[in-house]
Amino acid sequence: MKYYIGFDLGGTKVVAAALDEKFNILSRSKEKAGADKGTDAVYEVICSVIKKACEEANIILDDVVAIGGCAPGLVCPKTGLVFDTPNLGFKNFPLRQKLEDDFKVPVIIENDVNAGLYGELKFGAAKGFENVIAISPGTGVGGGVVINGKPYRGSMGGAGEFGHIIVQPDGPLCGCGQRGCLETLSSRTAISMQLASFSIRGRIPMIAEAANGNLKKIKSGLIAKAYNSGNKDTKTIVHHAAKYLGVGMAGLVNCFNPEAVILGGGLIEALPEPFTSISAKVMREQAMGNMGDIPVKEAQLGDDAVIIGAAQLAKEAEA
Ligand SMILES: [Zn+2]
């Protein structure tokens, strides 16, 4: 029996899963990344989570034939170098080489959004499509592209930075230094900031009570709760974010002419409506000709998408 390992190195935690040949997930293990202890410590956590996933699935490391991992930020899929991960401190870290030396199996390292979209392409919402784009509004706005059935990574692995497409010149200031980037208008952070300022003014009591102006406490679940309670200001803020998501999607549709757009991430999971319908409407109005007449679908695999996608890429590389 052949087994595969998929892992997801996130900003705060590492998750690994063992999968069998049919890609059933046999186990999941999770640990805090511990970025404050340095990159070597994070690497040790990755190794330990992989070993634990094997133990919990009752398989031995010798039966693992390939490992697929993903990391946030700039990753070179050819060399497996993790160039730059803002929250983890990795700078040109040879993650693939180190894992191959330690585990003696082929390893691939992919950007997390690409891996997630690939998981959805093979097993989830994008199954059956060849040309797809994915957008996930969260802390920022992540993006992924599949062209002719394969992830499109660009020359440096940096393709898919949809969050920094400028959709409103002279709009809000972005962390990248520009103004009016998509993520300043459509990310969960952008929504939370507006909700915080309204709640401080006493306009959204539910948010004021739960978060007391603390931006970090205004998560997707709370946004959905305030929205579903019918609070008028929350509706205005969320609809505005969904509208700009559609503006960004229209531009992307004009660039890539995809067969479908997949929306993913915690905010979309919490509020599939109105995000899907409003963004699709704006996209169809603004895209050129009939290129916008395509489905806008919610991702299906949740957090598993990145693990399954990375493991699938490792399987294909090993075959
Ligand atoms: Zn930006």
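These are my notebook entries on the domains, a pocket, the salt bridges and two backbone features of this structure.

**Entry 1, ground rules.** I am working with a predicted model, in which local features need pLDDT of at least 70, side-chain atom pairs count only at pLDDT 80 or more, and totals for chains, interfaces and linings use all residues. Residues are numbered from 1 along each chain as its sequence is written, and side-chain values use heavy atoms, with hydrogens and water left out.

**Entry 2, domains.** I looked up the domain assignment, whose bounds come from an automatic or database source, and found domain 1 (3-119 + 303-318) and domain 2 (128-298). The contact between them (heavy atoms within 4.5 Å) takes 11 residues from domain 1 and 17 residues from domain 2. Taken over C-alpha atoms, the centres of domain 1 and domain 2 are 27 Å apart. I then noted the buried area, meaning the accessible area (1.4 Å probe) that two parts lose on being put together, summed over both; between domain 1 and domain 2 it is about 1100 Å², with 62% given by carbon and sulfur atoms. On the domain 1 side, Val113, Asn114 and Leu117 lose the most area to domain 2, together 47% of what that side buries.

**Entry 3, salt bridges.** I counted a salt bridge where a side-chain nitrogen of Lys or Arg is within 4 Å of a carboxyl oxygen of Asp or Glu, and by this rule the count comes to seven. Between domain 1 and domain 2 the count is two. Glu316 pairs with Lys150 (3.4 Å, N to O) and also with Lys122 (3.9 Å, N to O). The pair of Lys122 and Glu316 links distant parts of the chain, with Lys122 in helix α3 (residues 112-123) and Glu316 in helix α11, 194 residues apart.

**Entry 4, second largest pocket.** I took a pocket as an open set of points on a 1 Å grid over the protein atoms alone, where a 1.4 Å probe fits, with protein on both sides within 12 Å along at least five of seven lines, and lining residues as those with an atom within 4 Å of a point. The second largest pocket has a volume of about 270 Å³, and of its 15 lining residues, Cys76, Pro77, Lys78, Glu110 and Arg153 lie nearest its centre. Domain 1 and domain 2 both give residues to this lining, so the pocket lies between them.

**Entry 5, backbone.** Most residues other than glycine have a negative phi, and most peptide bonds are trans. Phe23, although not a glycine, has a positive phi of about 65°. The peptide bond from Glu273 to Pro274 is cis, with omega near 15°.

Technical notes:
Points joined across faces, edges and corners; volume = space filled by probe spheres on them. Helix = DSSP H or I, 4+ residues; strand = E, 2+ residues; numbered from the N terminus.
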